[in-house]
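Student: I would like to learn how to read a model like this one, going from the overall fold down to single residues. Could we take the features in turn, with the general idea before the particular case?

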Amino acid sequence: MVDLLGGTPCNSFVSVVNSLDSEVFAISGMNLPMLLEVISSRNSMTDIELSDCAQITGKESICNINERFSLCKRKQEEKNDCVNQN
């Protein structure tokens with residue numbers, strides 16, 4: 001797992017992998033939830049499964065906080081409206 005596609009860690013990885021004969025998996029755009037998921041699952045998944053899991057977890061952990069809090073606020077307001085009407 002590397003931080004940015006085209007960044008120094010990624011470029012270093014690519015140059016090392018090109019000299020190897022074995023199959024190696026790499027994911028760029030790493031974030032903390034992705035890293036934690038891979039670390040906790042590495043003994044129970046294949047490399048391909050870990051790669052898929054890392055991508056899914058990384059994407060699912062990205063959110064727009066303003067939108068999320070706005071949605072929560074609207075739900076709370078709707079809930080309060082229901083309680084006040086009863």
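**Reading the fold, then the residues**

Tutor: Let us begin with secondary structure: the protein has four helices and zero strands, and from the N terminus on its elements run α-α-α-α. Please keep in mind throughout that this is a predicted model.

Student: How does the radius of gyration of the protein compare with what the globule rule gives for 86 residues?

Tutor: The radius of gyration of the protein is 20 Å, whereas the globule rule gives 12 Å for 86 residues, and because the value lies well over that reference, the protein is more spread out than a compact globule. The box that the C-alpha atoms fill, taken along the principal axes, is roughly 70 × 30 × 15 Å.

Student: What share of the residues counts as buried, and how much accessible surface does the protein have?

Tutor: Burial is judged here by relative accessible area, with buried meaning under 20%. Of the 86 residues of the protein, 16% count as buried, and the accessible surface comes to about 7,000 Å², with 54% of that area belonging to carbon and sulfur atoms.

Student: And what can be said of contacts across the sequence, and of the placing of charges?

Tutor: If one takes the contacts between residues at least 6 apart in sequence, 52% of them join residues at least 24 apart. As for charges, the protein has 7 positive and 12 negative ones, and the mean positions of these two sets are 13 Å apart.

Student: How many disulfides does the structure hold?

Tutor: A disulfide is a covalent bond between the sulfur atoms of two cysteines. The structure holds zero disulfides; Cys53 is in none, and the nearest cysteine sulfur to its own, that of Cys63, is 18 Å away. The accessibilities can be read alongside: Cys53 counts as buried because its relative accessibility is 13%, while Cys63, with a relative accessible area of 37%, is partly exposed.

Student: Turning to single residues, where does Ser51 lie, and is Ser51 buried or exposed?

Tutor: For any residue, one can ask for its element, its accessibility and its contacts. Ser51 lies in helix α3, which spans residues 47-60, and with a relative accessible area of 13% it is buried. Not counting residues up to four places away in sequence, Ser51 touches Phe25 and Ile27. Contact and separation are distinct readings, and for the latter one may take Ser51 and Leu36, which are 15 residues apart in sequence and 13 Å apart in space, C-alpha to C-alpha.

Student: Which residues does Phe25 touch in turn?

Tutor: Phe25 is found in the loop between α1 (8-17) and α2, and at 33% relative accessibility Phe25 counts as partly exposed. Again leaving out residues up to four places away in sequence, Phe25 touches Phe13, Asp47, Ile48 and Ser51. The C-alpha atoms of Phe25 and Leu50 are separated by 9.3 Å, although these two residues are 25 residues apart along the chain.

Student: What does the same reading give for Pro33, and with which residues is Pro33 in contact?

Tutor: Pro33 lies in helix α2 (residues 32-41) and counts as partly exposed, at 35% relative accessibility. Leaving aside neighbours within four places in sequence, Pro33 is in contact with Thr57 and Ser61. From Pro33 to Asn11, 22 residues apart in sequence, the distance in space is 23 Å, C-alpha to C-alpha.

Note on methods: Residues are numbered from 1 along each chain as its sequence is written. This is a predicted model: local features need pLDDT of at least 70, side-chain atom pairs count only at pLDDT 80 or more; totals for chains, interfaces and linings use all residues. Side-chain values use heavy atoms; hydrogens and water are left out. Helices (H or I, at least four residues) and strands (E, at least two) are DSSP runs, numbered from the N terminus. The radius of gyration is taken over C-alpha atoms; the globule rule is 2.2 Å times the number of residues to the power 0.38. Buried means under 20% relative accessible area, exposed over 50%, partly exposed in between (1.4 Å probe, protein chains only). Contact means heavy atoms within 4.5 Å. Accessible areas come from the Shrake-Rupley method with a 1.4 Å probe; for residues, only the protein chains shown count as cover. Lys and Arg count as positive and Asp and Glu as negative; His and the chain ends are not counted. The place of a charge is taken as NZ of Lys, CZ of Arg, CG of Asp or CD of Glu. A disulfide is a pair of cysteine sulfur atoms within 2.5 Å.
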